[in-house]
Amino acid sequence: MSRREEYEQQTEQLLEPIILELGFELVDVEYVKEAGNWYLRAYIDKPGGITVDDCEMVSRRFSDILDEKDYIEDSYIFEVSSPGLGRPLKKEKDFQRSLGEEVEVRTYRAIDRQKEFIGVLKAFDKETVTLEYEDESTQIFEKSDIALIRLALDF
């Protein structure tokens, strides 16, 4: 396990009780370097959406724990955010919640000269994702071939 993955996993374990107590869902945690700075980001959600006040409440509660545990060697910026409308499906609960919804799949390599697919999420397991198209045909994708999968955005 990489150092980045260890930090993300430890953050999830420490943050989860706070998130559950507040009635939120911990969608994801990421530890990334952007423009020379390290960021530890927690993405939270709840029915009806997350507010700035919700993010601030979680940030204040968790900052003391981060200071106390001090398990991240680098200096970093801690952020709490909503996952946004175009959030990727990563965990089993994300896929479960999105069954029957229209999703966008982007693949690493072209499949039949195409890298973007939009269809209804019909099934998934540890290895595959199945989409159904308007003509009722289905297509199975290997998860290892998928660069991104998220809810399709209609404007």
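Begin with the contacts of the whole chain: in this predicted model, residues 24 or more positions apart account for 51% of the contacts with a separation of 6 or more. With the full chain still selected, colour by secondary structure, and three helices and eight strands should appear, arranged from the N terminus on as α-β-β-α-β-α-β-β-β-β-β. The C-alpha trace spans about 55 × 35 × 30 Å along its principal axes, and 36% of the 155 residues count as buried. If you switch on a surface, its accessible area comes to about 9700 Å², of which 46% belongs to carbon and sulfur atoms.

Next, select the charged side chains. There are 21 positive and 37 negative ones, and the centres of the two sets lie 2 Å apart. A search of the whole structure finds 18 salt bridges, and the following stops visit some of these pairs.

Select Lys91 and Glu12 together, which form a salt bridge whose closest N and O atoms are 3.7 Å apart. This pair links distant parts of the chain, since Lys91 sits in the loop between strand E3 (76–81) and helix H3 (92–98), whereas Glu12 belongs to helix H1 (residues 3–21), 79 residues apart. Lys91 counts as partly exposed, at 23% relative accessibility, and Glu12 is partly exposed as well, with a relative accessible area of 26%.

Stay on helix H1 and move to Glu21, whose side chain meets that of Arg61 in a salt bridge (2.9 Å, N to O). Here too distant parts of the chain are linked, with Glu21 in helix H1 and Arg61 in helix H2 (residues 52–69), 40 residues apart. On a surface coloured by accessibility, Glu21 counts as exposed at 57%, while Arg61 counts as partly exposed at 32%.

Now select Arg41 and Glu34, another pair whose side chains meet in a salt bridge, at 2.9 Å from N to O. Arg41 is buried, with a relative accessible area of 11%, whereas Glu34 counts as partly exposed at 35%.

From pairs, go on to a network: select Glu25, Lys93, Asp94 and Arg97, which are linked by salt bridges. Centre the view on Asp94, which lies in helix H3. Is Asp94 buried or exposed? Its relative accessible area is 1%, and because buried means under 20%, Asp94 counts as buried. To see what surrounds this acidic residue, display Glu25, Arg87, Pro88 and Leu89, which Asp94 touches when residues up to four places away in sequence are not counted. Glu25 thus appears in both selections, as a member of the salt-bridge network and as a residue touched by Asp94.

For the last stop, return to the surface and select Glu102, Glu134, Asp135, Glu136 and Asp154, which form a negative surface patch. Among them, Glu136 is a convenient residue to centre on, being found in the loop between strand E6 (128–132) and strand E7 (138–142). Glu136 is exposed, with a relative accessible area of 65%. To end the tour, show Asp94 and Glu136 together and set two acidic side chains against each other: Asp94 is buried and has a relative accessible area of 1%, whereas Glu136 is exposed and belongs to the negative patch.

Notes. Residues numbered from 1 in each chain as written. Predicted model: local features only at pLDDT ≥ 70, side-chain atom pairs only at ≥ 80, totals over all residues. Heavy atoms only, no water. Patch = residues over 30% accessible without salt bridge, like charges linked within 9 Å, V, L, I, M, F, W, Y side chains within 5 Å. Areas by Shrake-Rupley, 256 points an atom, 1.4 Å probe, with all protein chains shown as cover. Salt bridge = Lys/Arg side-chain N within 4 Å of Asp/Glu carboxyl O. Lys, Arg positive; Asp, Glu negative; His and termini not counted. Charge placed at Lys NZ, Arg CZ, Asp CG, Glu CD. Helix = DSSP H or I, 4+ residues; strand = E, 2+ residues; numbered from the N terminus. Buried < 20%, exposed > 50% of the residue type's maximum accessible area, 1.4 Å probe, protein only. Contact = heavy atoms within 4.5 Å.
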